[in-house]
Structures are given as C-alpha cells and as structure tokens.
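Me: I should like to work through this protein model step by step. Please take my questions in turn and explain the reasoning behind each reply.

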Amino acid sequence: MASKHWIAGVVAAAVIGVGAWVYSGAGQSAAPQSTFVLLDGSQKTTADLKGKVTLVNFWATSCTTCVAEMPEIISTHNKYKDKGFDTLAVAMSYDPPSYVVNFVESRKLPFNVALDNTGGVAKAWGDVQLTPSTFIVNKRGEIVKSYVGAPNFEELHKLIEKLLAEPAAA
C-alpha cells in the first residue's frame, strides 16, 4: 500500500515538474525553417526573423475573424515596429492571390504579407489549418506563444513588451 502512495507521489511530482518546465518557457521551440514568398516576389526566411520579436499570422481573406482582427494587428504593428517588432502575415494556400493583393492594398497593411501557394509554410508551422493562427517568435527565433482565433490583444501587448525588453542573446 505504501508503494502505491510513493508511486502516486512520484507521478504527481513529475507532472508538476513538467508543468513548471513548460510554463517557465523552457519548452520553447525554434520556429520552423521556412521560406516566405512576399507579395513583391522577394523572400524572407525564418532566419531573417532573428533579432526582432515577430508576430507571424496565418490568415485568409475569406476568414471573418481574420478580417475582424486585422485592424488590431495593424495597430499592434504600428505601436511596436520602431522598438524591434515585426509582423508577417501569411495568406493560406486556398486564398486567391488577387484577393490577397486587393485586401493588402485596400487596407494599406503596413507589414510584409506572404503567399503560401503550396501550403508548405502552414504545414511546417504545425500543419496550420484553422485561421487565424498566430505565433509570437522571440528575438532568438523561438516560438513563445501561439493562438488559434483572435488573441487577447491586451495580453498580447504585455507579452510583446516583455519580449522586447529581453536581450537578443544567441
């Protein structure tokens, strides 16, 4: 009987330990190696994200939540862009490029927008299928938070400010 309690205690300690490890940020993973093809035809890679805090947003013009959150993403970008923050919006493979270009031009999006024509970028970032899906990448190129659906922007801003205050150590 005592051994059952001992085993239960060990299991509980392990679960608590793993929970603390994940919560502390020790479970951060490197952003997947990807090449983003921007609307102007230029390319950006995951390596280019290092040194800045970056919001990577998978979205579609046909996604009502994506369209509704875009003004907040623009506002967030404008608020932090001069402090070492960047935004990269990745249009899903099923989104017609002409719709994406029209959206970007009509809404005057102030950040880079990539077309994921093959779906390869979405696949690399955890097989993203639900939009919006947003990832926050720290200065070291690690994903520190992800959201499916619109994020709580007040919470997001606090996280961005915390990450911007961190050194960009390699």
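**The disulfide and the sheet**

Reply: Let us begin with a covalent link in this predicted model: C63 and C66 are joined by a disulfide, with an S to S distance of 2.4 Å. A search of the whole structure finds 1 disulfide.

Me: Which hand does the link of C63 and C66 have?

Reply: Both C63 and C66 are buried. The angle about their S-S bond is 80°. With this angle, the link of C63 and C66 is right-handed.

Me: Which strands stand at the edges of the sheet?

Reply: The sheet is open and has 8 strands with mixed pairing, in the order 1-8-7-4-5-6-2-3. An edge strand has a single partner, so one side of it is left without a neighbour in the sheet. The strands in this position are strand 1 (29-30) and strand 3 (43-45).

Me: In strand 7, which residue is the bridge partner of F58?

Reply: Strand 4 (residues 53-59) and strand 7 (residues 133-137) run antiparallel and are joined by 5 bridges. In strand 7, the bridge partner of F58 is S133.

Me: What angle does the direction of helix 5 make with that of strand 8?

Reply: Helix 5 (residues 153-165) packs on the sheet, where it touches strand 4, strand 5 (85-91), strand 7 and strand 8 (142-148). Its direction makes an angle with that of strand 8 of about 175°.

**Helix 3 and the core**

Me: Why are the buried residues of helix 3 on the same side, and what arc do they cover?

Reply: The buried residues of helix 3 (residues 97-107) are V100, F103 and V104. In an α-helix there are 3.6 residues a turn, so residues three or four places apart point the same way. The buried residues lie on the same side of helix 3 because the arc they cover around the axis is only 95°.

Me: Which exposed residues does the face of helix 3 turned away from its buried side carry?

Reply: The buried residues of helix 3 are covered by elements including strand 4, helix 2 (64-80), strand 5 and strand 6 (112-115). The face turned away from this buried side carries the exposed residues S98, Y99, N102 and E105.

Me: Which residues touch the most other members of the largest nonpolar core?

Reply: The largest nonpolar core has 45 residues, and helix 5 gives the largest share of them, 6 residues. Beyond its neighbours within four places in sequence, F58 is in contact with residues including V90, M92, W125 and F135. The residues that touch the most other members of this core are F58, W59 and W125.

Definitions and conventions:
Residues are numbered from 1 along each chain as its sequence is written. This is a predicted model: local features need pLDDT of at least 70, side-chain atom pairs count only at pLDDT 80 or more; totals for chains, interfaces and linings use all residues. Side-chain values use heavy atoms; hydrogens and water are left out. A disulfide is a pair of cysteine sulfur atoms within 2.5 Å. Buried means under 20% relative accessible area, exposed over 50%, partly exposed in between (1.4 Å probe, protein chains only). Two strands pair if DSSP finds at least two bridges between them. Helices (H or I, at least four residues) and strands (E, at least two) are DSSP runs, numbered from the N terminus. Contact means heavy atoms within 4.5 Å. Axes are lines fitted to C-alpha atoms, for helices over the stretch in contact, and angles run from 0 to 180 degrees between N-to-C directions. The arc is that of the directions from the helix axis to the C-beta atoms. A nonpolar core is a set of buried Ala, Val, Leu, Ile, Met, Phe, Trp, Tyr and Cys residues joined through side-chain atoms within 4.5 Å.
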